[in-house]
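Here is a short walk through one protein chain, written for someone who would rather think in residues and contacts than in file formats. Keep the structure open beside the text as you read.

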Amino acid sequence: FARMFVQVCLYFYCKCLWRCLKFVVRKLTGQCELQRICYNTKPGAARTMKIEASLKGSKSKRLQTSVNVHPDAIEKTIDDIMELKRINPDINPQLGVSLQACLLQIVGYRNLIAEVEKLRREPYDSENPQHEEMLLKLWKCLKPNSPLKARISKQWCEIGFQGDDPKTDFRGMGLLGLYNLVYFAEWDTEIAQQVLTDSLHPKYREVTKKELSQLSKAEWEKKKFDKAIGYSFAIVGINITDLAYNLLVSGALKTHFYNVAPEAPTLTHFQQTFCYLMHEFHKFWIDEDPLDIMEFNRVREKFYKRILRQLQNPEMALCPHFAASESLISM
């Protein structure tokens with residue numbers, strides 16, 4: 001009964017008292033909620049996310065649906081909002097500019113999810129020349145001095161695929177996994193090649209006396225080789241693609257994208273974020289120093305939670321100056 005009473009009170013507050021409070025504040029300040037957000041919150045994720053919440057929580061259907069309009073209809077939507085809120089655009093010219101920037105980000109994020117989802121659902125087709133060309137480009141970027149002897153070859157294992165035909169490894173993430181790997185190899189070639197080299201060559205390290213006293217002989221035999229550097233590069237890349245996809249779909253990446261994309265976030269922003277995540281996961285894997293690859297899921301989950309915590313900060317930008325972002329400077 002107590003829980004039900006609290007829920008009824010919360011419902012009453014949200015539906016009635018909160019709207020009354022907003023009405024009183026508007027009368028006292030002479031500004032609607034959208035004006036107060038735009039004038040009192042600096043540009044970026046903090047402002048855009050507040051604008052998005054305000055529009056979605058409005059009692060007006062026109063305002064609720066404004067976050068789902070086509071990009072070409074944003075200017076008309078801004079005019080409708082100004083008219084509905086009885087705001088004079090001549091007296092408040094900056095408000096329209098701020099709202100437009102926020103709506104471009106909000107609508108752009110939704111469209112980015114649709115674009116990424118389309119790539120994820122498209123399977124790799126070895127009969128498609130464009131798919132085959134991208135796969136061969138991945139090899140050339142990662143192994144420029146080692147020609148691929150055949151399309152079906154054990155050589156693919158050298159860059160972290162599981163068998164002699166990589167197409168079977170793209171089933172989980174479709175073309176999205178290939179797109180991300182190629183972008184990483186092409187735009188951050190030096191880092192990608194270094195990560196690949198590290199993943200192929202586990203290195204010997206000394207085991208401390210403290211570790212030795214805590215390990216059995218079998219564990220010591222595993223630990224004396226640095227298994228932190230030793231995983232399948234391409235398979236991990238596809239797995240990190242899945243991690244980035246989940247961050248995007250859940251809305252967690254809104255913080256990052258609203259801070260780095262002045263207008264609508266694009267697929268390039270998503271791929272740039274993937275490059276950052278690959279680089280950071282590689283360092284995180286080494287720092288975690290797992291016994292073997294069987295600990296991958298544990299390390300991945302811990303890494304995922306760390307990124308989520310970072311994205312809870314409204315001022316967070318994961319990779320504003322990462323190497324791959326150089327291609328975005330002129331955008």
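The notes below go from the whole chain to its helices, then to its charged and aromatic pairs, and end at the surface.

**The chain as a whole**

Please keep in mind that this is a predicted model. The chain has 15 helices and two strands. Of its 331 residues, 44% are buried. The accessible surface comes to about 18300 Å², and carbon and sulfur atoms account for 56% of that area. Among contacts between residues at least 6 apart in sequence, 67% join residues at least 24 apart. Several of the pairs described further down join parts of the chain that are distant in sequence, including E315 with K42 and F184 with F274.

**Two helices worth a look**

Let's start with α8, which covers residues 174-187. This helix has 14 residues and reaches 21 Å from its first C-alpha to its last, close to the 20 Å expected at 1.5 Å a residue. Is α8 mostly covered or mostly open? It is mostly covered, with eleven of its 14 residues buried. Among the buried ones are G174, G177, N180, Y183 and F184. The cover over the buried residues of α8 includes α6 (93-121), α7, α9 (189-200), α12 (233-250) and α14.

Helix α3 spans residues 45-56. Its twelve residues should span 16 Å at 1.5 Å a residue, and the end C-alpha atoms are indeed 16 Å apart, so the two values agree. The buried residues of α3 are A45, R47, T48, I51, E52, S54 and L55. They pack against α2, α4 (61-64), α5, α6 and α13.

**Charged pairs**

Side chains of opposite charge can pair when their charged atoms come close. In this model the count comes to 17 salt bridges. Three of them are set out here, with the distance between the closest N and O atoms.

| Salt bridge | N to O distance |
|---|---|
| E315 and K42 | 3.4 Å |
| K254 and E52 | 2.9 Å |
| D80 and K76 | 2.9 Å |

Take E315 and K42 to begin with. E315 sits in the segment after α15 (296-311), while K42 is in the loop between α2 (33-40) and α3, and the two are 273 residues apart. Both E315 and K42 are exposed.

The pair of K254 and E52 also bridges a long stretch of sequence. K254 lies in helix α13 (residues 254-260) and E52 in helix α3, so their salt bridge ties together parts that are 202 residues apart. Are K254 and E52 buried or exposed? Both K254 and E52 are buried. For E52, this fits with its place in the list of buried α3 residues, and α13 is one of the elements that those buried residues pack against.

D80 and K76 make a local pair within helix α5 (residues 74-84), where they are four residues apart, about one turn of the helix. D80 has a relative accessible area of 22%, so it is partly exposed, given that buried means under 20%. K76, at 51% relative accessibility, counts as exposed because the cut-off is over 50%.

Charged residues also gather in a group: salt bridges that share partners join E288, E295, R298 and K302 into one network.

**Aromatic pairs**

The model holds 15 aromatic pairs. In one of them, the rings of W139 and W156 have their centres 5.5 Å apart and their planes at 75°, so this pair is edge-to-face. W139 lies in helix α7 (residues 129-142) and W156 in the loop between α7 and α8, so the pair ties together parts that are 17 residues apart in sequence. Both tryptophans, W139 and W156, are buried.

F184 and F274 form another edge-to-face pair, at 6.2 Å centre to centre and with 90° between the planes. F184 belongs to helix α8 and F274 to helix α14 (residues 267-288), 90 residues apart. F184 and F274 are both buried, and α14 is among the elements that cover the buried residues of α8.

There is also an aromatic cluster, formed by Y231, F281, F284, W285, F296 and F303.

**A nonpolar spot on the surface**

Which residues make a nonpolar surface patch of about 300 Å²? The patch is made by F5, V6 and L10. L10 is found in helix α1 (residues 2-29). With a relative accessible area of 49%, L10 is partly exposed.

Conventions: Residues are numbered from 1 along each chain as its sequence is written. This is a predicted model: local features need pLDDT of at least 70, side-chain atom pairs count only at pLDDT 80 or more; totals for chains, interfaces and linings use all residues. Side-chain values use heavy atoms; hydrogens and water are left out. Patches are made of residues with over 30% relative accessible area and no salt bridge: like charges are joined within 9 Å, nonpolar side chains (Val, Leu, Ile, Met, Phe, Trp, Tyr) within 5 Å. Accessible areas come from the Shrake-Rupley method with a 1.4 Å probe; for residues, only the protein chains shown count as cover. A salt bridge is a side-chain nitrogen of Lys or Arg within 4 Å of a carboxyl oxygen of Asp or Glu. Buried means under 20% relative accessible area, exposed over 50%, partly exposed in between (1.4 Å probe, protein chains only). Rings of Phe, Tyr and Trp (its six-membered ring) pair if their centres lie within 6.5 Å; planes under 30 degrees apart count as stacked, over 60 as edge-to-face and the rest as tilted. Contact means heavy atoms within 4.5 Å. The expected span of a helix is 1.5 Å times one less than its number of residues.
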